[in-house]
Amino acid sequence: MRTETGGLAGTECEKLIGTALLARENSYSPYSHFRVGAALLCRDGTVWTGCNIENRAYGPTNCAERTAFFKAVSEGKRDFSAIAIVGGKEETVWCYPCGVCRQVMAEFCDPDEFQIICGKSVREYRIYTLRELLPNMF
Ligand code: THU
């Protein structure tokens, strides 16, 4: 569902954040203890979840956002409308996607339409377009 201004309706945002919070339960983060969950909404209505997956060598760590994107793309999805992101050590804090994840979003998403929903809770969230978070992109 989209509002007249083109964004997701509040109830849809809340639902997507709720799904991201559930995905966060699977976070594998024994090194940073920073647990992140993401829920990626496709234009066809399907939702793909992801969590961060850390590694003892640190470098191979995958962020929650990229886990969700790679799951979806590997299953043939290419059209995305929004992603909800939640993260924090115990309590959730404002959690923004890292530069690498923003670049991955830029590969597949319309910068002026794709919505990045950073949620502190289902009721407290901030919405950005990809262009706002990645201006002058490559
Ligand atoms: N992380 C994410 O999964 N997404 C973000 O948006 C920020 C950072 C992860 C990577 C690492 O496992 C942990 O959070 C601390 O950086």
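Ala38 stands opposite Ile85 of strand β3 in this predicted model. The pairing belongs to a longer contact between two strands: β1 (residues 35–42) and β3 run antiparallel and are joined over eight bridges. On β4, Ile85 has Cys118 as its bridge partner. Strand β4 covers residues 115–119 and pairs with β3 in the parallel sense, over four bridges. Ile85 thus has a named partner in β4, Cys118, and faces Ala38 as well. Between β3 and β4 the chain passes through helix α3 (residues 99–108). This β-α-β crossover is right-handed.

Strand β3 spans residues 80–88. Nine of its nine residues are buried, so the strand is largely enclosed by the rest of the structure. In a regular strand, side chains alternate between the two faces of the sheet.

Helix α3 also contributes buried positions. Cys101, Arg102, Val104, Met105 and Ala106 are buried there. The cover over the buried residues of α3 includes two strands, β3 and β4. Helices α2 and α4 (130–133) are also among the covering elements.

A further buried site lies in a loop. Asn62 sits between β2 (47–51) and α2 (64–74). Its relative accessible area is 18%. Asn62 is classed as buried because this value falls under the 20% cut-off. Beyond its neighbours within four places in sequence, Asn62 is in contact with Cys51, Asn52 and Ile53. Thr67 and Phe70 are also in contact with Asn62.

Methods: Residues numbered from 1 in each chain as written. Predicted model: local features only at pLDDT ≥ 70, side-chain atom pairs only at ≥ 80, totals over all residues. Heavy atoms only, no water. Buried < 20%, exposed > 50% of the residue type's maximum accessible area, 1.4 Å probe, protein only. Contact = heavy atoms within 4.5 Å. Pairing = 2+ DSSP bridges. Right-handed = clockwise from strand over helix to strand, strands pointing away.
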